[in-house]
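User: I'm new to reading protein models, and I keep tripping over the labels people use. Could you go through some of them with me?

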Amino acid sequence: MAGSIRVTMEVGADGVALITIFNPPVNALHPIIIQGLKEKYAEAMDRDDVKAIVLTGAAGKFCGGFDINVFTIVQETGDVSHLPDVSVELVSNTMEAGKKPSVAAIQGLALGGGLELTMGCHARIATPETQLGLPELTLGVMPGFGGTQRLPRLVGLPKAIEMMLQSKFITAKEGKERGLIDALCSPDELIKVSRFWALEIANYRKPWTRSLDRTDKLGSLSEARAVLSMARQQAKKVSANLPQHQACLDVIEEGVLCGGQAGVVKEANVFKELVLSTTARSLVHVFFAQRSTTKVPGVTDIQLKPRQIRKVAVIGGGLMGSGIATALLVGNISVVLKEVNAQFLQRGQKTIAGNLEGLVKRGSLTKDKMNKAILLLKGALDYEDFKDVDMVIEAVIEKVPLKQSIFADLEKVCPPHCILASNTSTIDLNVVGEKTNSQDRIIGAHFFSPAHIMPLLEIVRTEKTSPQAILDLITVGKIIKKVPVVVGNCTGFAVNRTFFPYTQGAQLLVSLGIDLFRIDRLINSFGMPMGPFQLQDVAGYGVALAVKEIYAAAFGTRNFESALVDLMAENGRQGKINGKGYYIYEKGAKPKPDPTIQPVIDEYRRRAKTMPGGKPVTLSDQDILEMVFFPVVNEACRVMDENVVIRAADLDIASVLGMGFPKFRGGLIFWADTVGASYIYSKLSKWSETYGDFFKPSSYLEERAKSGRTLGAPRVAQKDSTRSRM
């Protein structure tokens, strides 16, 4: 490993030392790189034949930032001495205060610690499309190599705060306009121009500027205070649960009030505190968990090669089908959209066009790419165009006979290599494919709505699904920029099964006399995008009514039977669709709680008969949160016990990307382990005695609670049982 990770130095006849970072793929700042930079800089400063230094990265990329694996070591050991001193020793003392000037030659990207290195140089030369940014706050920390001090001095306080707090990237072209970049040039000219600049500075023909000493872009003290005050208010509003935002502003303010050097010292101290915070631990866990979902034993470790998927047929042009088609088209995959009649087909094509236009408006797709994507779409009313498709994704309504007849047809008309996928969210895939002889290529491709925006793709395998089909769908998932999670075949699969108690727990609380708007407020404050009742309004009641019987049959006594949605529908309410649900929906306005639902709630409580002695219960905010989320954790334990997921971290990612579980809490299982299995077990045991089997602890939870092992720890003999449900 150390061989490929290195820092080199070449001294040219012009007296310029070219220092290059080698650490593929993005030249991350591994401790070996940092040590190498210190050594090469010390050598360059000592050598008489070196007049100036150019710092660059190998293979067309400057540097993607600090090596995040080091954070994991620090968090596991609690020892911050594993963090190398970069900010003061290297950037401030060696580079910026060095007796020979440094110029950064930047190409591809300079992110996080990479950009901070460039700001310690005396000039920055870049190619126009290079990406520049300080995204550290997304990992629960903040810039730690002087970025909180130098960026405001180069681009001004408002822009620097925006780049740091929103982890916003800019191109070098914009960086030049803002003052972050000194000159732009082509990749071919980059080193030559940088060498020229380095010598010009050494010979005092260009300014020898130390970023940390500048104050001209900070504005007056009163202006700076006003900008910081506004940023604090905004951070409180949108990032109330994220301590790194306020900490970053504190450190920026220190530098404004007491000078750059004082700011750098405070930054280094606060950075070490943040690395060990629960938020940073959670966000670093999510970072690595997301990258591990595509490691699938028996699929990605057996030297299989993914086949190229050039053409995909999507059956059904409704909300899901058109969303799936949109995602494929944006990924440059040809799509045949099949519908039952011309009217439905036209509507589906129109929806796809609208989806693409929406992506252009959001800035995530260029107009040129949109026009190219549209050309890859073909409509169909029969199976004529299916003879050369590589994959079919069925996205019709959840009716077993309909799906079975479609799959029987597909087996006859599609080529033998074609993958037959279903977007079903609840139906057993063995049932879907039971009338075919192609079970080895039948697989679940469960997208989340809206499918062209939501990042999660649940890949559902049966015991008969071939590793090749799984690998091919993982590859398609990556091409269309989804995060694929491979799961086993059961009712609701991983996400919907784990979260079925989420809404049911909230409805149980309402039956006990708790105000539903209070529940939604608390869940939202916890970090979910919206509470369970608003979510039901947005999703529409059709989904809840459709899965009601399926869940009752699958989950038995732990399923909480609730008539609330039926009563809402009888009352003429459909949720957001008709503007009337638990909330009132008016165009251009925020949803408002609807007080006129009280008679519906009263009738629901009367029928439920769950209130002890007919009187509403009194619960604390914490009780409410726990009664909603602990049953979800309990079901997640069953999902892990049955090997529906490969690893606990997959369930963490699925909960974050599929249900909006707060990322800063690390995902469902990671969060549960911060609470503790024994505490969750004791609470569920108590509630199950009072309220019944909905709260009954699973055997997996009980075993972990009693043994003291974390919920997320893998089983000791996992190898023997990984296929039991997969």
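User: How close do the axes of helix 1 and helix 3 come, and at what angle do they cross?

Analyst: A quick note before the answer: this is a predicted model, where local features need pLDDT of at least 70, side-chain atom pairs count only at pLDDT 80 or more, and totals for chains, interfaces and linings use all residues. Residues are numbered from 1 along each chain as its sequence is written, and side-chain values use heavy atoms, with hydrogens and water left out. Now, the axes of helix 1 and helix 3 (residues 87–96) come within 11 Å and cross at roughly 20 degrees. Axes here are lines fitted to C-alpha atoms, for helices over the stretch in contact, with angles from 0 to 180 degrees between N-to-C directions. The helices and strands themselves are DSSP runs (H or I, at least four residues, for helices; E, at least two, for strands), numbered from the N terminus.

User: What makes helix 1 roughly parallel to helix 3?

Analyst: Just the angle of roughly 20 degrees. Under 35 degrees counts as roughly parallel, over 145 as roughly antiparallel, 65 to 115 as roughly perpendicular, and the rest as oblique. So helix 1 is roughly parallel to helix 3.

User: Which residues make that contact between helix 1 and helix 3?

Analyst: Helix 1 brings Leu37, Lys38, Tyr41 and Met45, while helix 3 brings Glu89, Leu90, Thr94 and Met95. Contact means heavy atoms within 4.5 Å. Those residues split into 5 nonpolar, 1 polar and 2 charged. For that sorting, Ala, Val, Leu, Ile, Met, Phe, Trp, Tyr, Cys and Pro are nonpolar, Asp, Glu, Lys and Arg are charged, and the others, Gly among them, are polar.

User: Why are helix 5 and helix 6 called oblique to each other?

Analyst: Their axes come within 7 Å and cross at roughly 135 degrees. That angle falls in none of the parallel, antiparallel or perpendicular ranges, and the rest count as oblique. Helix 5 and helix 6 are therefore oblique to each other. The residues touching are Gly147, Thr148, Leu151, Pro152 and Val155 of helix 5, with Leu157, Lys159, Ala160, Met163 and Met164 of helix 6. They divide into 7 nonpolar, 2 polar and 1 charged.

User: How do you know whether Asn489 is buried or exposed?

Analyst: Check its relative accessibility, which is 8%. Buried means under 20% relative accessible area, exposed over 50%, and partly exposed in between (1.4 Å probe, protein chains only). So Asn489 counts as buried. Asn489 sits in the loop between strand 17 (483–488) and helix 19 (495–498), and its side chain reaches the backbone nitrogen of Leu429 at 3.3 Å.

User: What is the phi of Phe493, and is Phe493 buried or exposed?

Analyst: Phi of Phe493 is near 55 degrees, a positive value in a residue other than glycine. Phe493 is in the loop between strand 17 and helix 19. At 0% relative accessibility, Phe493 counts as buried.

User: And why does Ala59 get the label it has, buried or exposed?

Analyst: Ala59 has 75% relative accessibility, so it counts as exposed. Its phi is near 55 degrees, a positive value in a residue other than glycine. You'll find Ala59 in the loop between strand 3 (52–57) and helix 2 (69–77).

User: Where is Asp46, and is Asp46 buried or exposed?

Analyst: Asp46 lies in helix 1 (residues 31–46). With 62% relative accessibility, Asp46 counts as exposed.

Definitions and conventions. Polar contact = N/O pair within 3.5 Å; in protein donor to acceptor, adjacent residues only side chain to side chain.
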